[in-house]
Amino acid sequence: MMNIVTAYTDTGIALGQITVENKSNEIPAVRELIELLNIEGMVVTADAMHCQKETAEIIIKNQGDYVLQLKANQGRFYEDVYAMFDDKYINEADNECEYEIFSTIEKSHGRIEKRTCYVLNELAYFTDYLAEWKGLKKIFAVKREIERNGEKTTEISCYLSSKNTTAEKLLSYTRKHWQAESFH
């Protein structure tokens, strides 16, 4: 079986592809693809498998920015970040809120989905990690509250970004990433 890694624009145009060698994984192939493409001024989005210090460093070295989904493959960093975005800390009614917040509500496919992006205003708690992650400027979470057929579900995904931008823009990068994922 052959696996292929593809880089897409946010409009769905394929920029390049690399075959993943048997008995290997996508990580080195993605890094090679980043090195081959001109990503200067671009934002590279990737799922949790590619949330790696070396991948972030390659993106920054090639003058791009990143938005990488953070998951358990990052151990203690993952735990520390998720603790900051636990529901007991996120409270939109709190006037002392330590997050920049942006929300959207979408009705489609028989469901209502509210997406809220919470961007930490202060990263001092993460000083050790900032030194390890080249270019890291934003740590944020996207909370998805979905209502379908009277049932409600909530999920929170956390992200790292080298792009110093707004909660609205960071949310748009995560949306565009999952649109690209749907091409598979």
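This is a short viewer tour of a predicted model, going from the sheet to the helices, the core and the aromatic rings.

**The sheet.** Start in cartoon view and pick out the six strands that make an open sheet, ordered E3-E4-E8-E7-E6-E5 with mixed pairing. At the edges you'll find strand E3 (43–46) and strand E5 (99–108), each of which pairs on one side only. Direction ignored, neighbouring strands in this sheet are turned by 20° against each other on average.

Now select residues 138–148 and 151–161. These are strands E7 and E8, running antiparallel and joined by 11 bridges. Which residue in E8 is the bridge partner of Ile 146? Click on Thr 153.

**The helices.** Go to H1, residues 26–36, and colour Ile 27, Ala 29, Val 30, Arg 31, Leu 33 and Ile 34: they are buried, and yes, that list includes the arginine. Then show Asn 25 as sticks. Asn 25 caps the N-terminal end of H1, with a side-chain oxygen 2.8 Å from the backbone nitrogen of Ile 27.

Next comes helix H2 (residues 53–61), lying across E3 and strand E4 (65–70), at about 165° to E4. Helix H3 (residues 75–84) lies across E4, E5, strand E6 (111–120), E7 and E8, and runs at about 125° to E8.

**The core.** Select Phe 77, Phe 85, Trp 133, Ile 139 and Leu 160. Within the largest nonpolar core, which has 35 residues, these touch the most other members. Zoom in on Phe 77: leaving aside residues up to four places away in sequence, Phe 77 touches Leu 70, Phe 126, Tyr 129, Trp 133, Leu 136, Ile 139 and Leu 160. There is also a second, separate core of 10 residues; Cys 117, Val 119, Val 142 and Leu 170 are among them.

**The rings.** Show the aromatic side chains and you can hunt for nine aromatic pairs. One is Tyr 99 with Tyr 118, an edge-to-face pair at 5.9 Å centre to centre and 80° between the planes. This pair links distant parts of the chain, with Tyr 99 in strand E5 and Tyr 118 in strand E6, 19 residues apart. Are these two tyrosines, Tyr 99 and Tyr 118, buried or exposed? Both are buried.

Hop over to Tyr 125 and Phe 126. Their ring centres are 5.1 Å apart and their planes meet at 85°, so this pair is edge-to-face. Tyr 125 counts as exposed because its relative accessibility is 54%, while Phe 126, at 1%, counts as buried.

For a last selection, take Phe 77, Tyr 125, Phe 126, Tyr 129 and Trp 133 together: they form one aromatic cluster.

Conventions: Residues numbered from 1 in each chain as written. Predicted model: local features only at pLDDT ≥ 70, side-chain atom pairs only at ≥ 80, totals over all residues. Heavy atoms only, no water. Core = buried A, V, L, I, M, F, W, Y, C linked by side-chain atoms within 4.5 Å. Buried < 20%, exposed > 50% of the residue type's maximum accessible area, 1.4 Å probe, protein only. Contact = heavy atoms within 4.5 Å. Helix = DSSP H or I, 4+ residues; strand = E, 2+ residues; numbered from the N terminus. Polar contact = N/O pair within 3.5 Å; in protein donor to acceptor, adjacent residues only side chain to side chain. Pairing = 2+ DSSP bridges. Axes fitted to C-alpha atoms, helices over the stretch in contact; angles between N-to-C directions. Phe/Tyr/Trp six-rings, centres within 6.5 Å; stacked < 30°, edge-to-face > 60°.
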